[in-house]
Amino acid sequence: MQPLARRVSGLFSRHFSSATGIAKPLSGPLSEGMTGEAMKMTLRQWVKSGWEKPVGYWLLGTSGLLAGMVLVGGYTRLSGAGLSMTNWKFQGSLPPNTPEAWEHEFLRYQEFPEYKRIHKNAMTVDEFKEIYLIEWFHRMLGRGIGIFFGVPFMFLSLSRVIKWPLGSRLGLLLGAGATQGLVGWWMVRSGLEENPDPYARPRVSSYRMCFHWLMALVLYGGTVWCGLSVLRPTPASTKLASLTALKSLRRWALIPTLAALITLTSGPFVAGLDAGRAFNTWPKMIDDWVPDEAWKFWGDLISTGKTQWLAATE
């Protein structure tokens, strides 16, 4: 019986994808009787036995905080607070705590285009405090999430609770999260620069905002994926028919996933360029599904290349 069991286990493991936790369909009568316990024996171990729930819930908790971070970021943009903090420190800092400190910060803000072109002689220190604290909270929440994720990750890795397959993925997510702070400042810097057009409204670069947004989605999706992989490393059913149907479902899911990704990518450009205000009719744009301006833009983009693209999205 032992040699037969080893042959069955070897046959199954060759058809199993440890990266996704989804088994590939097997051929032959052995696959019909494969049990969940047999599948678990062939799985690459993500964490030390008994730590599945703590690690999985910690990762899902991180994803929940990241979702909240996205909402705070959206509110920061809608409130016009994104350009109120004109410097950036990796470790962060406390907000001003005296009237003199607030006045100093307000004077610094007045040196940049947003105040000069929009708020000049029309904003008080108290109004500045409101937008400053919104941006400050957004930045510090990001640092807090980094601590919430990074400290347990280091502890669990050093304790060898997290195994290498999962640890390598989480290490990449930690690096991406640290980079996200730099990307955010790179985005904000674009809105602090002088525009030669005296009538241009100060705004951050749309393509930089898109990059910032997509990185947030990667971090959120990565933590959800890793968390669920730890909590549910095996499919609910290991029967051949179920696994075949699951594989087909994943293949068809690529179409709506791609459509959603295109829509999500276009969002920062629509928001950053105020494109939603171009037409006030729906579903058509005045009388056209695709307006003439769109055809002209894409034609110019193809003919002029990168320079035109950057100019249109800055």
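Helices (H or I, at least four residues) and strands (E, at least two) are DSSP runs, numbered from the N terminus. The model is predicted: local features need pLDDT of at least 70, side-chain atom pairs count only at pLDDT 80 or more, and totals for chains, interfaces and linings use all residues. Residues are numbered from 1 along each chain as its sequence is written, and side-chain values use heavy atoms, with hydrogens and water left out.

**Exercise 1.** Work out how arginine 108 and glutamate 105 are linked and how they are placed in helix H4.

Solution. Step 1: a salt bridge is a side-chain nitrogen of Lys or Arg within 4 Å of a carboxyl oxygen of Asp or Glu. Step 2: the closest N and O atoms of arginine 108 and glutamate 105 are 3.6 Å apart, and the pair forms a salt bridge. Step 3: the two are three residues apart in helix H4, so about one helical turn separates them. Step 4: the count by this rule is six salt bridges.

**Exercise 2.** Determine how H4 and H6 are oriented and which residues meet.

Solution. Step 1: axes are lines fitted to C-alpha atoms, for helices over the stretch in contact, with angles from 0 to 180 degrees between N-to-C directions. Step 2: the axes of H4 (residues 99-109) and H6 (residues 125-158) come within 10 Å and cross at roughly 80°. Step 3: H4 and H6 are therefore roughly perpendicular to each other (65 to 115 degrees). Step 4: with contact meaning heavy atoms within 4.5 Å, Trp102, Glu103, Glu105, Phe106 and Tyr109 of H4 meet H6 residues including Val125, Phe128 and Lys129.

**Exercise 3.** Compare the span of H6 with its expected span, then describe what follows H6.

Solution. Step 1: the expected span is 1.5 Å times one less than the number of residues. Step 2: H6 has 34 residues and reaches 48 Å from first to last C-alpha, close to the expected 50 Å. Step 3: after H6 comes arginine 160, in the loop between H6 and helix H7 (164-192). Step 4: arginine 160 is not a glycine, yet its phi is positive, about 60°.

**Exercise 4.** Describe the peptide bond between tryptophan 282 and proline 283, and place the proline.

Solution. Step 1: the bond is cis, with omega about 5°. Step 2: proline 283 sits in the loop between helix H9 (240-272) and helix H10 (292-304).

Terms used:
Angles under 35 degrees count as roughly parallel, over 145 as roughly antiparallel, 65 to 115 as roughly perpendicular and the rest as oblique.
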